[in-house]
There are 8 protein chains.
Amino acid sequence: MDASSLRALIDDIASGACSPDDAVRQLRRLPYVDLGFARVDHHRDLRQGMPEAVYGPGKTPEHCAAIVEELLGATDGPVLLTRATDAQVKAVVAAAEALGYGPGIVTGSPLGMTSTVVYRPTEGRAGTVVVITAGTGDLPVANECTAVLSALGFQPQLLVDCGVAGLHRLLDEVDTIAMADAVVVIAGMEGALASVIGGLTPAPVIAVPTSTGYGAALEGVTALLAMLASCSSGVTVVGIDNGYGAACGVARLLP
Amino acid sequence: MDASSLRALIDDIASGACSPDDAVRQLRRLPYVDLGFARVDHHRDLRQGMPEAVYGPGKTPEHCAAIVEELLGATDGPVLLTRATDAQVKAVVAAAEALGYGPGIVTGSPLGMTSTVVYRPTEGRAGTVVVITAGTGDLPVANECTAVLSALGFQPQLLVDCGVAGLHRLLDEVDTIAMADAVVVIAGMEGALASVIGGLTPAPVIAVPTSTGYGAALEGVTALLAMLASCSSGVTVVGIDNGYGAACGVARLLP
Amino acid sequence: MDASSLRALIDDIASGACSPDDAVRQLRRLPYVDLGFARVDHHRDLRQGMPEAVYGPGKTPEHCAAIVEELLGATDGPVLLTRATDAQVKAVVAAAEALGYGPGIVTGSPLGMTSTVVYRPTEGRAGTVVVITAGTGDLPVANECTAVLSALGFQPQLLVDCGVAGLHRLLDEVDTIAMADAVVVIAGMEGALASVIGGLTPAPVIAVPTSTGYGAALEGVTALLAMLASCSSGVTVVGIDNGYGAACGVARLLP
Amino acid sequence: MDASSLRALIDDIASGACSPDDAVRQLRRLPYVDLGFARVDHHRDLRQGMPEAVYGPGKTPEHCAAIVEELLGATDGPVLLTRATDAQVKAVVAAAEALGYGPGIVTGSPLGMTSTVVYRPTEGRAGTVVVITAGTGDLPVANECTAVLSALGFQPQLLVDCGVAGLHRLLDEVDTIAMADAVVVIAGMEGALASVIGGLTPAPVIAVPTSTGYGAALEGVTALLAMLASCSSGVTVVGIDNGYGAACGVARLLP
Amino acid sequence: MDASSLRALIDDIASGACSPDDAVRQLRRLPYVDLGFARVDHHRDLRQGMPEAVYGPGKTPEHCAAIVEELLGATDGPVLLTRATDAQVKAVVAAAEALGYGPGIVTGSPLGMTSTVVYRPTEGRAGTVVVITAGTGDLPVANECTAVLSALGFQPQLLVDCGVAGLHRLLDEVDTIAMADAVVVIAGMEGALASVIGGLTPAPVIAVPTSTGYGAALEGVTALLAMLASCSSGVTVVGIDNGYGAACGVARLLP
Amino acid sequence: MDASSLRALIDDIASGACSPDDAVRQLRRLPYVDLGFARVDHHRDLRQGMPEAVYGPGKTPEHCAAIVEELLGATDGPVLLTRATDAQVKAVVAAAEALGYGPGIVTGSPLGMTSTVVYRPTEGRAGTVVVITAGTGDLPVANECTAVLSALGFQPQLLVDCGVAGLHRLLDEVDTIAMADAVVVIAGMEGALASVIGGLTPAPVIAVPTSTGYGAALEGVTALLAMLASCSSGVTVVGIDNGYGAACGVARLLP
Amino acid sequence: MDASSLRALIDDIASGACSPDDAVRQLRRLPYVDLGFARVDHHRDLRQGMPEAVYGPGKTPEHCAAIVEELLGATDGPVLLTRATDAQVKAVVAAAEALGYGPGIVTGSPLGMTSTVVYRPTEGRAGTVVVITAGTGDLPVANECTAVLSALGFQPQLLVDCGVAGLHRLLDEVDTIAMADAVVVIAGMEGALASVIGGLTPAPVIAVPTSTGYGAALEGVTALLAMLASCSSGVTVVGIDNGYGAACGVARLLP
Amino acid sequence: MDASSLRALIDDIASGACSPDDAVRQLRRLPYVDLGFARVDHHRDLRQGMPEAVYGPGKTPEHCAAIVEELLGATDGPVLLTRATDAQVKAVVAAAEALGYGPGIVTGSPLGMTSTVVYRPTEGRAGTVVVITAGTGDLPVANECTAVLSALGFQPQLLVDCGVAGLHRLLDEVDTIAMADAVVVIAGMEGALASVIGGLTPAPVIAVPTSTGYGAALEGVTALLAMLASCSSGVTVVGIDNGYGAACGVARLLP
């Protein structure tokens with residue numbers, strides 16, 4: 001149940017189209033369903049402005065399928081499965097098809113990493129969101145981010161391989177960056193791109209450190225620390241490789 | 001030069017009130033002034049939507065005074081001095097008074113830490129900003145944050161001592177939190193407040209870890225990590241004790 | 001030899017049912033047996049109130065089987081094998097069957113991780129123990145904890161997926177939590193659940209950080225630090241993923 | 001309001017000695033008072049089984065005095081001030097004397113560190129609590145712990161300087177340790193004492209790492225990690241130098 | 001060339017059995033042979049009192065075989081291959097057999113880890129060396145240590161599973177420990193055994209932290225730090241899992 | 001386009017061999033080509049003095065082949081592929097052969113690690129470069145370094161296995177080291193070789209820490225820190241295992 | 001004795017101006033003088049191309065004075081004292097004046113930190129060296145670097161406050177940077193400047209992380225890691241705040 | 001009571017000079033005295049071969065004086081006070097003088113750090129011990145080490161400022177090092193000296209990392225890790241700045 005369906009219900013009560021008893025029954029419906037191994041949170045969309053995503057790791061394919069099934073049946077907003085293995089994707093797609101849904105939008109990684117699966121994406125939300133990566137190796141995280149942004153109704157623009165070692169590649173995109181309503185900067189290694197972008201635009205900049213790189217990159221910790229210590233004021237940061245979190249952060253600030 | 005004075009200039013060009021030559025002269029004016037020991041960045045307001053703040057540590061009182069003097073003379077937006085010692089505050093206030101300014105708005109800490117000094121704060125910017133702290137010990141960081149928010153035109157609402165160990169204190173403020181356009185969560189120790197607030201509102205949540213606490217709090221690193229690993233999606237984070245950065249982050253997202 | 005069999009022996013000495021010589025022989029029996037690769041500690045139950053558990057990693061299946069065999073033969077309390085691979089489980093079950101025992105109680109993980117095996121669980125010990133997890137991904141650790149609690153005679157109640165991002169799911173369980181004699185809180189990522197639970201109950205709270213999560217979760221270190229720095233006073237902590245240790249901690253405090 | 005005064009109130013309602021209206025008024029009394037800079041939590045005793053302690057660091061002496069004043073006036077259980085500087089102690093003592101209280105019980109450190117101040121300690125609570133330190137240098141933490149235990153009604157027994165390098169000093173105390181209902185082990189450097197004590201008693205053992213030592217002791221991190229990795233099962237741990245937390249942990253498990 | 005063969009050569013020069021020219025030729029023989037991918041150090045035995053060991057990791061089986069071949073041909077002391085994979089062992093054994101040697105003494109691990117291979121072990125060196133482990137899981141490191149000690153001429157006594165959680169198992173061995181000329185303590189988890197042993201004997205104690213354990217054991221770092229911070233004075237430490245280094249340390253101090 | 005081809009173009013413009021229109025067309029050619037998943041940087045050679053290398057990890061074989069194809073077609077300097085898997089090497093070699101190139105110079109590792117592939121290496125650049133490793137286990141990093149040095153036109157001299165534990169092996173090479181124009185020191189474990197070499201030569205010394213070693217070597221962090229803290233002044237350092245970066249560092253300083 | 005005075009000596013030997021006996025006496029002169037508390041290294045200039053600097057911390061003013069006295073008397077190149085307190089400077093200046101030297105070139109910090117003192121600076125060495133800092137707070141490190149560069153004969157050009165948050169300030173200096181023979185980049189916080197500079201010039205770039213900043217800057221560790229993980233190939237790094245080391249690194253590469 | 005006085009007692013029993021009753025009385029004497037704030041361990045000398053040292057930090061001057069008084073009165077071996085402040089030294093000296101002792105041997109640091117105080121040093125113990133430091137800044141740690149070695153009966157030889165950056169200074173001392181029975185290597189920064197010394201002598205080498213240095217030296221952690229990861233086999237390590245521990249380590253291995 002999201003904000004618009006709640007408003008519809010309230011309108012129906014006001015107009016008499018929904019009886020008080022029915023209203024109570026719908027509203028009293030538990031805000032979550034206890035599946036035994038998980039509590040599916042139906043009201044999260046209403047409360048947080050974004051639906052509960054099913055985080056794949058640590059769940060069996062059957063767990064994933066059952067939770068997605070519950071969400072598809074009891075809510076009517078977007079449904080997301082993130083960091084899913086092939087087996088989890090397969091189980092979820094089968095369960096969704098049994099409910100009459102198509103295969104969903106599966107955003108995988110060309111390198112065989114985990115996938116993001118989306119059902120019932122939100123339609124056309126305003127706001128220009130630019131997702132920019134420092135290197136090609138940051139693509140898997142960027143893909144997760146744009147998949148979730150799309151599920152939440154945005155049409156993100158993806159700029160790949162704009163790292164600061166080739167500053168002219170970045171400067172070519174200055175106009176695109178300057179006109180965005182929100183910018184997600186995705187970078188590994190030393191994460192310097194966040195500081196540079198932060199200095200080029202007054203828009204909100206959410207930085208995502210990635211575990212790209214080796215040695216002193218410390219699996220993303222270096223980029224994380226560098227982004228937090230950024231000399232560009234007002235840049236905010238999410239966890240390492242957390243493309244999903246950055247997309248949700250954008251959804252919070254672009255209503 | 002900020003966005004509104006730029007627009008005024010352009011209008012003057014369009015109306016003929018400013019000759020093309022004058023316009024060029026004004027626009028070509030160097031975007032910074034090289035003081036030898038610092039390059040004062042006059043266009044930052046235009047480019048990033050917020051004025052350059054003078055960061056006190058590592059500068060002599062004379063450095064601080066000269067930079068503030070240059071900013072007061074060459075720009076017309078707000079001027080900030082952050083993390084200033086008493087000697088720096090004194091030097092800056094003297095320099096500002098020599099230019100005909102009052103003592104500025106000095107936000108100190110009751111515990112004798114550094115101060116924030118503001119000149120020419122922006123007037124009445126829309127947007128409800130709630131700044132919420134877990135404990136009384138987080139007040140110095142919250143004070144820096146609200147001082148900067150005020151300089152940038154906001155009228156932040158400060159909720160102190162709402163840590164999760166006394167959940168009812170927090171639940172009393174749920175309506176205030178739910179109606180905010182942006183929430184800054186300031187917490188040390190284990191930083192759990194960010195996750196709880198993130199679950200209660202769909203608005204943007206910027207989390208500031210503080211160095212409050214001892215032992216395993218690791219001078220803010222624990223809260224920082226906890227906020228980055230938050231189970232509430234879309235919460236973004238700035239550096240430890242960085243109340244200034246959180247305020248700038250709010251300014252980026254509330255136009 | 002546990003406390004009750006010791007008392008029986010002493011009673012027998014007092015009543016003359018056991019001659020002094022026999023008593024000496026039984027009591028002088030080495031408190032451990034040296035198997036060459038391990039010293040099986042028969043008196044641990046008496047000394048620490050809980051039996052020695054066989055920790056699987058670093059032992060061959062044959063080591064595990066021989067130690068369990070010795071424990072089943074020379075003691076009469078519960079026998080535990082923890083973190084066992086399938087090969088270790090198989091070897092132990094075969095050895096136990098050769099001694100006339102059934103297959104034991106094997107608590108595996110649906111995700112193919114290691115198992116806990118229990119023989120001769122203690123019967124009905126008083127005390128209400130609640131084990132509560134933040135997410136579904138914490139289940140493997142919770143399963144180890146409840147398996148050991150059951151072996152030690154408790155009937156733990158398991159509440160899954162009560163993370164603080166959906167506070168209402170947790171608040172529904174407030175009564176259950178408030179009436180518990182001991183609560184084990186199992187959470188990864190930022191581990192905020194421990195602080196919230198600690199604020200809701202006066203009972204002992206043992207927090208178990210888990211390695212669930214990625215990036216800034218630092219494989220459990222973030223949750224560990226957050227739980228240690230908890231603003232809820234009196235919460236105590238065991239090592240990362242140490243469901244076994246938490247169960248033993250409960251056994252120490254509920255006699 | 002603590003558990004016994006609540007029960008008295010309920011008895012009064014049952015007997016008619018308190019009218020329903022009065023009961024409502026008393027019960028509806030806000031569970032905290034908002035002092036502007038702090039929210040004093042009156043119900044914590046009822047909810048957590050221990051009173052809110054005023055944590056000194058980050059508060060002005062005036063803050064401390066006002067909060068203690070509020071607590072002395074609006075509750076009737078013990079009141080604690082921890083980690084207080086001399087100025088804070090002085091301000092609090094003055095405020096308490098103005099309310100007709102004596103100077104309180106001030107437990108300082110011979111080395112000039114912070115003090116613990118207690119008013120209205122709870123009377124004679126059952127349970128044998130042993131507090132044991134590895135070295136003389138751990139005394140300041142032990143003093144905080146015993147001061148808080150005394151405030152909560154216990155009569156802790158303090159054993160100092162029982163480190164494992166002189167095992168015979170420890171073995172002399174084996175009987176004392178074995179008969180305790182709870183043991184708090186306080187040790188810095190390598191923290192080995194927790195493992196040894198954990199192996200000697202079936203009672204709950206709460207370990208407190210201290211920042212005693214230098215070099216590889218890493219200001220308590222080494223002892224913290226060692227205690228968490230203890231080979232003695234069921235030992236639980238609180239944060240570095242957190243004598244207060246250990247005392248509260250004891251209060252949770254000895255009703 | 002070790003010390004005794006050098007003395008023999010010098011005696012031969014003195015007696016005329018070796019001509020000055022021959023002596024020069026033998027002594028001028030390069031102290032190492034450059035194999036292109038490795039410089040085999042023939043004089044290390046003379047200089048350091050122990051032969052160069054071939055460290056397996058990072059070398060191909062062919063590298064290992066060639067180096068061992070060179071050492072067997074050009075020196076006459078013990079030859080060691082450490083941390084060898086099965087393929088490396090196989091290649092070395094084949095090369096040694098081609099030179100007329102037997103299969104060497106291969107000390108593997110029952111858990112399929114790497115092996116130590118020894119050719120031409122030194123004969124009967126005086127000195128009682130006790131190697132003591134905290135748990136069965138420390139055996140692979142202890143095996144490496146005793147294999148190297150044997151190669152260097154010692155007959156180490158191995159005491160397994162004497163961790164401090166069962167202090168009586170350790171106390172049974174007090175006499176053995178007290179009479180040793182050197183003690184190697186091998187322990188993972190919290191490494192407390194080193195402190196306890198250090199307090200029981202005046203002999204040299206070399207502590208080896210192991211990566212046994214999980215979570216807060218931090219793959220040996222916890223034990224390492226604990227051993228370095230040991231409250232037992234004069235305990236010295238080698239690197240994590242470095243059974244080889246401890247054996248060499250013993251060889252340095254027992255001539 | 002590198003410096004010499006730019007100069008040729010300018011000469012052609014000056015001599016009239018190239019018309020202004022053609023010159024503009026060639027010069028206006030975008031400094032990179034946007035392949036969608038990567039921006040190939042044609043001018044890097046001109047700007048940084050070294051060509052863009054294709055970093056294998058995180059790219060599909062197809063990505064690698066397409067980027068190399070673009071670089072071979074649009075530039076005329078050396079082309080490098082680093083840290084390539086066998087599949088990436090195969091795809092790139094096939095693409096290069098389709099363009100009429102041979103198989104390239106593939107420098108693999110005998111231990112099956114990743115390879116470096118070079119096309120069109122620069123010819124005979126002056127300057128004596130010595131690459132020296134502490135052990136045989138550092139060879140894979142040294143191989144990457146010498147492969148890149150060769151691609152950039154140098155003829156590096158490789159000295160293997162000169163670790164400080166056998167100082168005489170190193171002292172034999174003192175003359176070689178003293179006469180070098182630049183020295184790359186590659187060492188794992190404690191990285192002491194960098195300090196010793198730094199004390200023996202006035203030439204630039206670039207130190208590369210490697211992840212060789214175990215336990216306290218912390219996968220290269222120990223060597224990294226040791227090299228940064230070197231007591232030999234003027235030694236500079238690149239990231240862990242970064243043989244490529246050291247080679248580029250040499251190219252920057254030897255024109 | 002530096003390279004030119006050695007050559008002069010050899011020429012004198014060749015011409016007969018210096019007798020063989022005198023030559024031997026001069027050359028056999030001990031390469032260091034043992035002062036009891038320090039060994040003054042007279043040949044370092046010859047061996048490493050730069051004179052031994054006296055590092056102040058841990059030495060008494062008397063130690064410093066005696067070592068400088070010895071160096072001034074026994075060598076004829078530049079003499080440096082680094083990180084000196086006021087007392088050390090005073091003692092050294094007094095000792096130098098007693099030898100007939102002036103007060104030396106003392107480069108202090110306006111913020112009262114330690115000073116660098118130089119006697120007999122080398123004359124006019126070729127090579128354009130640019131020292132560039134990200135912020136004004138990096139000046140103390142830059143001052144140490146330029147003082148040492150000047151002592152070694154360079155005339156460094158200092159560019160202050162060119163951080164990447166105001167990219168235009170940096171771009172104005174692109175030509176200066178592009179024409180330098182060596183660039184030292186000094187930056188704290190996230191250290192992004194090193195990557196950007198590395199992408200703009202083919203010259204050697206030595207990066208110096210500084211401890212400027214707070215919180216997540218981790219006292220320079222963040223900048224250090226970021227510079228090591230730089231995406232600009234061939235950038236090399238020295239230790240935190242090590243302006244001296246960077247200057248020596250430049251001296252190694254510009255002969 | 002040390003080993004020789006015990007033997008004397010036993011001889012007296014054998015010869016009848018001491019009656020059995022007296023022997024029992026002397027032997028039953030408590031092995032420690034409980035001073036309330038400390039347990040003075042009289043038998044440590046017998047058990048560990050070295051007397052209990054009084055570690056200053058965390059003790060009041062009165063604590064120190066009382067413990068030293070007890071040790072002087074009840075034992076007859078050497079008495080040590082380590083890491084003592086001036087106030088502690090003063091109190092101890094006064095107490096000792098009251099017992100008729102002289103001022104003791106006070107080894108301070110010229111830089112005002114803590115002191116070591118020794119009473120009744122052991123006489124002339126055999127064994128050549130060399131203590132070697134990398135720099136002058138390591139002297140305070142070396143001073144503690146030699147003071148304790150002297151107290152334990154050795155006549156250590158101190159070699160200062162032999163760091164590896166000036167290898168010739170070290171090579172001059174090769175003979176001294178090669179003939180030592182034990183070598184203590186004291187070094188900060190990168191600690192490379194331990195590896196080099198370890199390669200030059202077959203004697204036991206105990207390495208002491210010091211907190212000398214700055215930045216990447218990480219207050220001794222870098223030297224510590226480097227020494228543990230040393231490529232010279234058999235080097236053992238004690239904690240950072242632990243000169244006392246190294247001296248005790250020597251006492252354990254040289255009887």
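User: By what rotation is chain G superposed on chain A in this predicted model?
Analyst: Two copies of a chain are related by a rotation about an axis and a shift along it. In this predicted model, chain G superposes on chain A with an RMSD of 0.1 Å and a shift of 0.0 Å along the axis. The rotation that achieves this is 180°.

User: Which residue of chain G has the C-alpha nearest that axis?
Analyst: The axis in question is that of the 180° rotation that superposes chain G on chain A. The nearest C-alpha of chain G is 2.4 Å from the axis, and 100% of the contact residues of chain G recur in chain A. The residue with that C-alpha is G:Ala192.

User: What kind of axis relates chain A and chain B?
Analyst: Chain A can be laid on chain B by a turn of 180°, with a shift of 0.0 Å along the axis and an RMSD of 0.1 Å. The two copies are thus related as by a two-fold rotation axis.

User: Which C-alpha of chain A is nearest the axis that relates chain A to chain B?
Analyst: The same surface serves both copies, since 100% of the contact residues of chain A recur in chain B. The nearest C-alpha of chain A is 2.5 Å from the axis. That C-alpha belongs to A:Val237.

User: Which strands are the edge strands of the open sheet of chain A?
Analyst: The open sheet has four strands in the order 3-4-6-5, with mixed pairing, and its twist averages 15° from one strand to the next. An edge strand of this sheet pairs on one side only. The edge strands of chain A are strand 3 (53-55) and strand 5 (105-107).

User: Which residue of strand 6 of chain A stands opposite A:Leu80?
Analyst: Strands of a sheet pair through backbone hydrogen bonds, either parallel or antiparallel. Strand 4 (residues 79-84) and strand 6 (residues 115-119) of chain A pair in the antiparallel sense over four bridges. Opposite A:Leu80 stands A:Val118.

User: At about what angle does helix 6 of chain A run to strand 6 of chain A?
Analyst: Helix 5 (residues 86-98) of chain A packs on the sheet, touching strand 4, strand 5 and strand 6, and its direction makes about 160° with that of strand 4. Helix 6 (residues 139-151) of chain A lies across strand 4, strand 5 and strand 6. The angle of helix 6 to strand 6 of chain A is about 5°.

User: In chain B, which residue of strand 4 is the bridge partner of B:Ala53?
Analyst: Chain B has an open sheet of four strands in the order 3-4-6-5, with mixed pairing. Strand 3 and strand 4 (residues 79-84) of chain B pair in the parallel sense over three bridges. The bridge partner of B:Ala53 is B:Leu80.

User: How far apart are the axes of helix 4 and helix 5 of chain D?
Analyst: Two packed helices are described by the angle between their axes and the distance between the axes. Helix 4 (residues 61-74) and helix 5 (residues 86-98) of chain D pack at an angle of about 35°, in a right-handed crossing. Their axes are 8 Å apart.

User: How many nonpolar residues does the contact of helix 4 of chain D with helix 5 of chain D have?
Analyst: From helix 4 of chain D, the contact residues include D:Cys64, D:Val68 and D:Leu72; from helix 5 of chain D, they include D:Ala91, D:Val92 and D:Ala95. By class, the contact has one polar residue and one charged residue. The nonpolar residues number ten.

User: Is H:Ala192 buried or exposed?
Analyst: H:Ala192 is located in helix 9 (residues 192-200) of chain H. Leaving aside residues up to four places away in sequence, H:Ala192 touches F:Ala192, F:Ser195 and H:Val164. Its relative accessible area is 1%, and a residue under 20% counts as buried. H:Ala192 is therefore buried.

User: How many residues of strand 10 of chain H are buried?
Analyst: H:Val205, H:Ala207 and H:Pro209 point one way from strand 10 of chain H, H:Ile206 and H:Val208 point the other way, and all are buried. Strand 10 (residues 205-209) of chain H is therefore largely enclosed by the rest of the structure. Of its five residues, the number buried is five.

User: What is the bridge partner of H:Val183 in strand 10 of chain H?
Analyst: Strand 9 (residues 182-187) and strand 10 of chain H pair in the parallel sense over five bridges. The bridge partner of H:Val183 is H:Val205.

Notes
Residues are numbered from 1 along each chain as its sequence is written. Chains are lettered from A and ligands numbered from 1 in the order in which they are written. This is a predicted model: local features need pLDDT of at least 70, side-chain atom pairs count only at pLDDT 80 or more; totals for chains, interfaces and linings use all residues. Side-chain values use heavy atoms; hydrogens and water are left out. Copies are superposed by least squares on the C-alpha atoms of residues with pLDDT of at least 70 in both. Contact means heavy atoms within 4.5 Å. Two strands pair if DSSP finds at least two bridges between them. Helices (H or I, at least four residues) and strands (E, at least two) are DSSP runs, numbered from the N terminus. Axes are lines fitted to C-alpha atoms, for helices over the stretch in contact, and angles run from 0 to 180 degrees between N-to-C directions. A crossing is left-handed if the near helix is turned anticlockwise from the far one by less than a right angle, and right-handed if clockwise. Ala, Val, Leu, Ile, Met, Phe, Trp, Tyr, Cys and Pro count as nonpolar, Asp, Glu, Lys and Arg as charged, and the others, Gly among them, as polar. Buried means under 20% relative accessible area, exposed over 50%, partly exposed in between (1.4 Å probe, protein chains only).
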